[in-house]
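User: Please take a close look at the internal packing of this model, going from the rings and cysteines to the helices and sheet. I would like one connected account, with the cut-offs behind each term.

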Amino acid sequence: AAPRRPGAGAAALLLLLLLLGFLLFGGDLGCERREPGGRAGAPGCFPGPLMPRVPPDGRLRRAAALDGDPGAGPGDHNRSDCGPQPPPPPKCELLHVAIVCAGHNSSRDVITLVKSMLFYRKNPLHLHLVTDAVARNILEMLFHTWMVPAVRVSFYHADQLKPQVSWIPNKHYSGLYGLMKLVLPSALPAELARVIVLDTDVTFASDISELWALFAHFSDTQAIGLVENQSDWYLGNLWKNHRPWPALGRGFNTGVILLRLDRLRQAGWEQMWRLTARRELLSLPATSLADQDIFNAVIKEHPGLVQHLPCVWNVQLSDHTLAERCYSEASDLKVSCVMVGGHGWGLLLPAPMAPTPSRVPGDPLELTKEASVRWNLLRRELFVCPSQPPPGAEQLQQALAQLDEEDPCFEFRQQPLTVHRVHVTFLPHEPPPPRPHDVTLVAQLSMDRLQMLEALCRHWPGPMSLALYLTDAEAQQFLHFVEASPVLAARQDVAYHVVYREGPLYPVNQLRNVALAQALTPYVFLSDIDFLPAYSLYDYLRASIEQLGLGSWRKAALVVPAFETLRYRFSFPHSKVELLALLDAGTLYTFRYHEWPRGHAPTDYARWREAQAPYRVQWAADYEPYVVVPRDCPRYDPRFVGFGWNKVAHIVELDAQEYELLVLPEAFTIHLPHAPSLDISRFRSSPTYRDCLQALKDEFHQDLSRHHGAAALKYLPALQQPQSPARG
């Protein structure tokens with residue numbers, strides 16, 4: 001939830017979640033090795049390694065001759081070797097984690113990784129994120145709205161690092177970003193001595209401090225902690241002319257790295273890896289596994305740099321690796337890379353979930369999802385370490401402290417103060433090319449309206465910005481829904497922004513503001529998800545904006561007349577002539593004429609029937625048309641949540657700011673029938689709900705008067721009119 005005063009209920013819920021985590025993930029996360037006969041061995045096994053990357057062409061599958069195992073022996077580190085367990089770091093020691101992240105899909109993976117770290121961690125974290133512009137935009141917004149305590153985030157521009165690695169030919173799908181871990185010692189702050197470096201496809205199932213504690217095993221000369229590969233890739237001869245980069249034995253995987261940055265800088269790391277890479281590239285055409293090849297070549301030449309990490313820190317679960325040799329011996333697996341369809345998903349598994357291929361989940365979020373964790377609870381202080389509160393947290397706490405929990409309208413007043421986690425551009429998105437009169441359709445929806453998306457994409461060929469109100473589990477379902485739809489998967493100009501659910505009321509105007517803020521065109525069409533626009537509306541709006549001179553000298557809101565059908569199947573009109581025929585036949589109606597005629601009566605539908613040119617209408621009480629306005633228009637008032645007056649208040653603000661209301665003669669949009677929402681049902685059935693809405697309207701007018709003075713008196717009669725429970 002948004003920061004709020006702790007109570008007995010919250011404490012009980014927190015205790016329940018911790019107990020659930022204990023039951024699901026095992027109570028004893030300490031390492032215990034069992035001898036072949038099942039007898040418990042020495043209880044001092046310290047955690048261990050990660051897995052190799054697979055080339056994008058899938059050639060590793062040809063290495064299925066795993067039964068030969070030429071690399072097994074004294075030098076094989078894919079075993080859960082026991083040794084003295086290092087002490088955990090001090091309770092409040094700041095742990096540093098570096099991640100390279102670029103693009104939309106990688107950003108989603110990072111969020112899964114971060115969730116898993118936060119779920120188990122007991123120490124403050126400082127995340128060092130090397131990102132492109134897309135990932136930075138996503139992750140800055142996410143961390144700003146998540147407001148997790150004791151987490152610092154620093155961003156580093158990947159574009160500034162590209163020149164340092166752009167000379168290296170790389171066949172790996174990660175491109176230049178897959179080489180950037182090589183330059184972390186120089187890119188990260190000079191005072192930073194130690195850092196854990198993670199690939200985006202890793203998920204934790206234990207406290208990251210256990211991994212940090214492995215720095216204690218480094219000798220005075222060791223600077224890099226790595227897990228041995230669990231495949232025969234670096235042994236070569238997997239097929240004719242297979243020639244990998246040089247490596248020690250099976251080589252090492254760089255999906256998880258412990259780096260002593262101070263020692264690497266002292267050893268001249270930059271010159272070391274550059275010389276090695278240049279020498280190898282004289283005889284090899286390119287890297288196949290990005291930075292991993294170069295790390296291994298350096299380690300081959302300077303073996304004293306590396307500290308071997310035990311396999312339990314990265315068990316690669318795939319049919320094409322030797323991972324079973326690790327998880328068959330270790331009862332406490334920390335990290336694994338699940339290779340599914342050629343894509344690696346790192347998954348840290350606790351002891352009771354020792355994996356077999358048949359038990360590997362197909363989704364990196366499956367385990368964390370099943371734990372029923374509400375990720376918003378990670379905002380709570382689960383341990384006490386001195387840290388700077390997230391920006392805005394103290395002000396929110398003060399505002400929440402002013403609320404009276406006995407107030408019948410407490411939920412209405414609390415909901416606008418809730419800061420929702422926001423994941424902008426949840427799916428890959430291509431920004432529209434700059435056009436002076438372009439229009440983005442802006443709308444919001446919840447899970448029960450997903451079925452509208454395909455039809456909307458067929459009707460509106462232009463850019464869209466959509467805010468979706470979802471739980472974490474629903475966000476994954478939405479991802480699969482889009483991937484399974486040829487219509488949706490083909491549209492790269494639709495930006496989906498996930499706002500994570502929090503609180504009892506639907507934050508409709510907060511959702512609209514998220515979608516509006518992410519629109520990239522000069523103009524926006526403010527619509528609702530249950531409306532289908534005319535097939536020609538996108539082109540018609542752009543032409544109308546140009547002809548009417550909007551923006552350059554005219555401040556106007558273009559009204560798109562709204563209609564509705566009560567039929568789930570009907571023939572959608574392709575023109576105004578066809579629409580009028582359906583209207584006369586009783587197949588279509590003017591929107592809400594039978595329930596709430598005041599909402600759209602000022603559009604003057606009788607005049608619209610005959611109109612050949614745009615015409616001006618005057619604001620009237622409760623008017624709530626769908627309009628096209630400049631992108632920098634006033635935002636929606638977030639105090640209006642649930643059902644009632646959320647659009648009306650916005651039109652009042654537009655009128656107060658002297659926007660003309662111009663009705664377009666050839667434009668129309670049609671509402672499709674659906675089951676009523678929970679909030680509409682509450683509005684209709686609860687007098688308290690309607691009383692609270694009236695109280696919000698009174699407060700809205702007070703604020704309107706402060707901003708606009710005597711001009712706000714115009715709206716007072718409309719604000720004082722009682723709401724009808726029949727309104728829908």
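Analyst: **Internal packing**

There are 21 aromatic pairs, where rings of Phe, Tyr and Trp (its six-membered ring) pair if their centres lie within 6.5 Å, and planes under 30 degrees apart count as stacked, over 60 as edge-to-face and the rest as tilted. The model is a predicted one, in which local features need pLDDT of at least 70 and side-chain atom pairs count only at pLDDT 80 or more, while totals for chains, interfaces and linings use all residues. Residues are numbered from 1 along each chain as its sequence is written, and side-chain values use heavy atoms, with hydrogens and water left out.

One aromatic cluster is made up of Y535, F570, F572 and F668. Rings also meet charges: the charged end of R108 sits over the ring of F426, 5.5 Å from its centre, and R512 lies over the face of Y636, at 5.2 Å from the ring centre. A charge sits over a ring here if NZ of Lys or CZ of Arg is within 6 Å of the ring centre and within 35 degrees of the ring normal.

R512 also belongs to the buried part of helix 17, where buried means under 20% relative accessible area, exposed over 50% and partly exposed in between (1.4 Å probe, protein chains only). Helices (H or I, at least four residues) and strands (E, at least two) are DSSP runs, numbered from the N terminus. Nine of the 10 residues of helix 17 (residues 508-517) are buried, so this helix is largely enclosed by the rest of the structure. Its buried residues pack against strands 11 (422-423), 12 (439-446), 13 (464-470), 14 (494-500) and 15 (523-526), and against helix 21 (646-656); contact means heavy atoms within 4.5 Å.

Turning to the cysteines, a search of the whole structure finds one disulfide, a pair of cysteine sulfur atoms within 2.5 Å. The disulfide joins C409 to C692, with an S to S distance of 2.0 Å, and its link is left-handed, with -95° about the S-S bond. C409 lies in the loop between helix 12 (393-401) and helix 13 (410-414), and C692 in helix 23 (residues 687-708), so the pair ties together parts that are 283 residues apart in sequence. C409 and C692 are both buried. C457 is buried too, at a relative accessible area of 7%, and C633 counts as buried at 3%.

An open sheet of seven strands has the order 3-2-1-4-6-5-7, with mixed pairing. Strand 3 (151-157) and strand 7 (306-309) stand at its edges with a single partner strand each, so one side of each has no neighbour in the sheet. From one strand to the next the twist averages 25°. Strands pair if DSSP finds at least two bridges between them; five bridges join strand 4 (residues 194-198) to strand 6 (residues 252-260), which run antiparallel, and L198 has V256 in strand 6 as its bridge partner.

Helix 4 (residues 158-165) lies across strand 2 (125-131) and strand 3, at about 50° to strand 3, whereas helix 9 (residues 291-301) lies across strand 5 (224-228), strand 6 and strand 7, at about 65° to strand 6. Axes are lines fitted to C-alpha atoms, for helices over the stretch in contact, and angles run from 0 to 180 degrees between N-to-C directions. In the loop between strand 5 and strand 6 lies H242, which counts as buried at 9% relative accessibility. Not counting residues up to four places away in sequence, H242 touches W233, G236 and N237.
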